[in-house]
Amino acid sequence: MRALLFLSLLALAVWGLVRYLERTRPQDLPWTPLDLAAPLGRATAWKLASLEGDPAWCRRLLTLDGVKFEAVPDRTTAPGCGWQGAVKLTGSEWSPRGPVLTCPMAAAVTVWQRHVVRPAARKHLASNLTRIDHYGTYSCRTVAGSARQSQHATSNAIDIAAIRTVRGEPISVLRDWNGTPERAAFLRDIHDGACRVFGTVLGPDYNRAHRDHLHFDLANWNFCR
Ligand SMILES: [Zn+2]
């Protein structure tokens with residue numbers, strides 16, 4: 001009888017805790033719906049990667065969040081290359097304009113920009129983000145030095161070269177990774193913060209091929225170098 005009472009109280013306590021977390025920290029719980037405006041949580045990267053299975057919901061999330069984008073027709077350019085359910089980000093911060101990304105990646109870069117880059121720019125540079133310089137998203141190729149298809153082959157990756165703030169000067173991965181303390185700290189923050197958003201994050205400390213950019217994609221799980 002006592003054991004039964006104990007188990008009932010335990011179940012009630014667990015239920016109460018889960019309901020409390022659902023209200024206060026939904027971003028930590030994998031079964032709650034993703035909200036791009038919510039702070040980063042333990043389940044954010046998992047929720048973003050899970051958008052792959054629901055393109056319509058993914059585009060709806062971008063719309064609800066006010067992200068500027070256009071849907072892009074599916075395209076196959078070669079065996080294993082092309083994109084499906086992709087979107088073009090049309091916000092003025094992207095340079096070159098209009099990167100084409102899978103919808104989950106578009107949602108992920110939106111989350112990264114809002115919850116990682118903007119706060120880091122205010123913290124380290126006392127400035128606001130105005131532009132993101134990138135080296136592209138789509139490229140029909142294998143991973144350098146392997147036969148494995150790159151995530152770029154399906155527009156499921158982006159290479160970030162530099163961030164510009166309202167002061168105008170770019171903070172470049174190539175020049176500033178080991179630059180002034182505030183610039184280096186800013187770049188490390190936006191790299192480390194990306195690890196809470198994307199499945200794979202590669203930067204200058206990974207290898208020489210990444211000395212001038214940060215690579216993000218949604219494959220793997222927490223591969224952060
Ligand atoms: Zn890349």
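Trainee: Why are helix α4 and helix α6 called roughly antiparallel?
Mentor: In this predicted model, α4 (residues 103-125) and α6 (residues 181-194) pack at an angle of about 160 degrees, with their axes 9 Å apart. Angles over 145 count as roughly antiparallel, and α4 and α6 therefore fall in that class. The crossing of α4 past α6 is right-handed.

Trainee: Which residues of α4 and α6 make the contact?
Mentor: On α4, they include Trp112, Val116, Val117 and Leu125; on α6, Phe186 and Ile190 are among them. Heavy atoms within 4.5 Å count as contact. By class, the contact has 10 nonpolar, 2 polar and 4 charged residues. Lys123 of α4 and Asp189 of α6 take part, and Lys and Asp count as charged.

Trainee: What makes β2 and β3 a pair?
Mentor: Pairing needs at least two bridges. Strand β2 (residues 75-78) and strand β3 (residues 81-83) have 3 bridges, in the antiparallel sense, so they meet the definition. One of the bridge partnerships joins Ala78 to Cys81. The strands form a hairpin with 2 residues between them, and Gly80 in the turn has a positive phi of about 80 degrees.

Trainee: How do you know that His152, Asp159 and His215 are donors of the zinc ion?
Mentor: NE2 of His152, OD of Asp159 and ND1 of His215 lie 2.0 Å from the zinc ion. The cut-off is 2.8 Å, so these atoms count as donors. Their spacing in sequence is H-x6-D-x55-H. Asp159 in strand β8 (residues 157-165) and His215 in strand β11 (residues 214-217) are 56 residues apart, a pair that links distant parts of the chain.

Methods:
Residues numbered from 1 in each chain as written. Predicted model: local features only at pLDDT ≥ 70, side-chain atom pairs only at ≥ 80, totals over all residues. Heavy atoms only, no water. Axes fitted to C-alpha atoms, helices over the stretch in contact; angles between N-to-C directions. Helix = DSSP H or I, 4+ residues; strand = E, 2+ residues; numbered from the N terminus. Parallel < 35°, antiparallel > 145°, perpendicular 65-115°, else oblique. Left-handed = near helix turned anticlockwise from the far one by under 90°. Donors = N, O, S within 2.8 Å, 3.2 Å for Na, K, Ca; no water.
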